[in-house]
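Student: Please take me on a close tour of one part of this structure. I would like to follow a single strand and the loop beside it, residue by residue, and then step back to the rest.

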Amino acid sequence: MSTDLEQFYEIFFEESSELLADMEACLLRLDVNSPDLEDLNAIFRAAHSIKGGAGTFGFTDMTEMTHMLETLLDRLRKGELTVRSEMVDAFLKASDVIKAQLAGHRGENEADPKVAKEVCEELKRLSDEIQDRLPNEAIADADIEMGAATVEIDISNVPEVTVNVPQSKNASLKKTYCIEFSSASMGDAAIENLFANLKRLGDLEELSSADKRDQFKLRLSTESSEEDVWETLAFVVDPANLKIELEANDVSRNAGNVQNFSSNISNAPDLCTNEDELSSEKMPPMQGYGFFPGAPAVPKELTNSDLQSNSMQQQSAHVSKNETQNKVNKPSSKVSAPISPATSETSSIRVSIEKVDQIINLVGELVITQAMLAQTTSQLDPVIFEKLLSGMSQLERNTRDLQESVMSIRMMPISFVFSRYPRVVRDLAAKLNKRVELKTVGENTELDKGLIEKIADPLTHLVRNSLDHGIEVAEKRIAAGKPAQGTITLRAFHQGGNLVIEVSDDGAGLNRGKILVKAKERGLPVNDGMSDQEVWSLIFEAGFSTAETVTDVSGRGVGMDVVKRNIQGMGGRIDIESALGVGTRISIRLPLTLAILDGLSVAVGDQMFIVPLNYIIESMQPSAADIKTISGHGRVVQVRGEYLPVIALHEVFNLHSNVTAVHEGILVILEDEGHKAALFVDDLIGQHQVVIKSLESNYRRVQGVSGATIMGDGKVALILDTAALVLASQQEMV
Amino acid sequence: MSQLQTAITTSNSNNSRAIQMPNEFLTFRLGDEEYGIEILKVQEIRGYDAITQIANAPEFIKGVVNLRGIIVPIIDMRVKFRLGNATYDQFTVVIILNVAGRVVGIVVDGVSDVISLGLEQMRPAPGLGSIIDTEYIMGLGTVDERMLILIDIERLMSSSDMGLLDHTIN
């Protein structure tokens, strides 16, 4: 059976990572003073889903950890205990441990079992505390008192649960199940395997006759819960053909239980008793893995002990018991309703990026074809071809809509990145002993998935920087007349086809004098007359830091240069605004997608090239007098007192050009990392947004070319590798 | 794909040697010679379109074209093999190949047809000092009076002298 499961590993890993992320988000959102029940439930569900999956795949370390989480969370969400900040800390630590364990199972770094044990201990300690405290709470209502008793029984089971997760049961709870299933479409090996698995659970007795081989009737007496039996079977047997019943005489104490179990299996809503509601709410079949429809072991345990404590009340008291539980479980049963619609709301499918890219390619092609058709039909007589032309305009609309929606597939809200910072800020603020609030604005701003992944690291760096260097300690802030709590704001918005992400803080701001002194010390070319912008940009120099002390957070001067390089690598720009004592704002300007580039198309001979717009300073038509030669061959052009090397594109690419005299063509002035050069082309054609295509996927790297694109007429145009061209011209000059 | 190939060849012939030999070939002309390439490597056949030149590429690499959003390099086999005049008219054809995980186009003088060759119709290539290294010739096929030069196109395209790949597989 294990081989069958392996194909689900990847799904489990992915889903667990997502659940952990959700869990963390909920934890951070959780207000300790007035916890939102919805959040607590969400955290519980996430923990539970992970536990279910981990149990199925036999990752016992994860089951243990999630189980501890669940135990404590269950208390919390029932309102039996108030949330304290140390619990949230413990939860966060636990989610870290689970993350590490997940990575371990994935074959990455092995998780440290010592840390896991520590966190486990802490969670246990926290839930034990509750036990101590609970009896002290005076509960007037007798009904609720019974509920409290239930809880006590449940807690006493906890240590046992941790020892042998997940199938701990009191020995006295040995039960007998009647199992009926049809083995149609099952192989002999599968049946044999199933029998072996069932025998492991307890004593198995076969009731069905040997001649009727496709219909099995079994009697299983076991300590395992019904869910375990169900799970064992459900993997092999079609749940529709499966029937498990608790033998009635075995549980005469609470006949309602039988009804409960069978209704649980058939999922018949009309039979739903209160226990049912409780358990199905904890494990909504659709919410978890989809393939274990049974309820989990622990909540059921609660139900059982519940029933035990109610045993004197027999079946006749069934109605009143339901009432009791209604009261005790009010908070949890209240929220059971909105859970089921949530399943349908969040429906999504996982599709590989390749498939999406393929669709984007094809749609791009469709748009070009449509443009070609439109061009052809526009020459036709609109009276004779009226129908064709109206069809064409409809086609145009449809293709445009299609293109838009396809492009939006790759787009994701930036909240995917922003959501990780509350945690970063929280941890770091505690470490640095500062009081900081993180505000995020515009989380729904969308950008390309590829960019989302790449922006995370630079942004983390900026946030950490703001916290460490920007925000002052509380005393200093109060002395400066600012609120003790500092604020870091993350803001994302669209601006003119770009996405702007701002990291701003209301901290100390950059100290111009200090930066200049440091720069002089490091021998950088600075003077006191530099503009603020120029001074601020010094902090992007490699190894530059004004921090007096190097902490383990920052101050080594490594980072800002990396941040700048990363942002530039994405085709973006980074700007700093700062005022001493007021704060700093760093804004990152990014193209909306990696796949699209703003470019200037230039012509050389009969070929067209794209020059990335963000490297272009200006373009000009030089006069013959501005062109000078150096030692006979190298040409330079004088632009406002500067001599720039001339790169003749037709010479670089060995093309036949219509224009050979520089002053007859156009010079495009390029700048890359402070080096400037003039690119000599025949003509400028226009400005385009072009879709970047790789040359390397079917060919190889070409010197001086960074990629290719497809123009509106279906032709291929090469995108110039501006940085390489400028660099080459510099070397030529030396 | 190789599994499919094997399945096809084994179903057609029980001879063990046939397992390595494909038996359906697309034939095309280069100058006066007729060549054959394994049909399963062919993705499609299209006319010769406007091509974007690539700077400093070898002469036989004509440039790149746009094939439904994919940038595909185009190689003129006539230039590569120095056969016939590399003229481009309405009969000039580009065969789009799918070899070594890449999409590559080759320019030929014209596509003839698809031919099935039995094992008895294939002869090993003589060790002539021809323009094409015999390493890339799988064999010679005979159909009636015609002779086909069967090229191992995958090997040829991934060879270092084609300069198509950055790191040659061989």
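Tutor: What follows starts with one residue in a strand, moves along the loop beside it, and then widens out.

A word on the ground rules. This is a predicted model, in which local features need pLDDT of at least 70 and side-chain atom pairs count only at pLDDT 80 or more, while totals for chains, interfaces and linings use all residues. Residues are numbered from 1 along each chain as its sequence is written, chains are lettered from A and ligands numbered from 1 in the order in which they are written, and side-chain values use heavy atoms, with hydrogens and water left out.

Let's begin with Leu499(A), which sits in strand E9 of chain A; helices (H or I, at least four residues) and strands (E, at least two) are DSSP runs, numbered from the N terminus. Leu499(A) counts as buried because its relative accessibility is 0%, where buried means under 20% relative accessible area, exposed over 50% and partly exposed in between (1.4 Å probe, protein chains only). Leaving out residues up to four places away in sequence, its contacts (heavy atoms within 4.5 Å) include Ile414(A), Thr445(A), Phe493(A), Ile588(A) and Leu592(A). Leu447(A) is another residue that Leu499(A) touches. Those two leucines, Leu499(A) and Leu447(A), are 52 residues apart in sequence, yet their C-alpha atoms are 7.5 Å apart in space.

Now the loop between E9 and H21. Asp506(A) in this loop is paired with Arg477(A) from helix H20 (residues 474-479), so the two tie together parts of chain A that are 29 residues apart in sequence. The pair is a salt bridge with its closest N and O atoms 2.9 Å apart, the rule being a side-chain nitrogen of Lys or Arg within 4 Å of a carboxyl oxygen of Asp or Glu. Side chains of opposite charge can pair when their charged atoms come close. Is the arginine of this pair buried or exposed? Arg477(A) counts as buried, because its relative accessibility is 0%.

Asn511(A) also lies in that loop, which runs between strand E9 (498-505) and helix H21 (512-521) of chain A. With a relative accessibility of 32%, Asn511(A) counts as partly exposed. Its C-alpha is 8.8 Å from that of Gly581(A), although 70 residues separate the two in sequence.

Step onto helix H21 and you meet Arg512(A), whose side chain forms a salt bridge with Asp532(A) (2.6 Å, N to O). Asp532(A) belongs to helix H22 (residues 532-536) of chain A, so this pair links parts that are 20 residues apart in sequence. Both partners are partly exposed: Arg512(A) has a relative accessible area of 24%, and Asp532(A) comes to 39%.

Elsewhere in chain A, Asp575(A) and Arg573(A) meet in a further salt bridge (3.5 Å, N to O). Both ends again count as partly exposed, with Asp575(A) at 26% and Arg573(A) at 48% relative accessibility. Salt bridges that share partners also join Glu24(A), Asp96(A), Lys99(A), Arg423(A) and Asp427(A) into one network. Over all chains, the rule gives 23 salt bridges.

For another buried residue, look at Thr399(A) in helix H16 (residues 386-409) of chain A. Its relative accessible area is 4%, which means that Thr399(A) is buried. Not counting residues up to four places away in sequence, Thr399(A) touches Leu366(A), Val367(A) and Gln370(A).

Finally, step back to where chain A meets chain B. Here 26 residues of chain B are in contact with 25 residues of chain A. The rule finds zero salt bridges across this interface. On the chain B side, strands E4 (61-67), E5 (70-76) and E7 (102-108) each supply at least two of the residues that touch chain A. That side divides into 17 nonpolar, six polar and three charged residues, with Ala, Val, Leu, Ile, Met, Phe, Trp, Tyr, Cys and Pro counted as nonpolar, Asp, Glu, Lys and Arg as charged, and the others, Gly among them, as polar.
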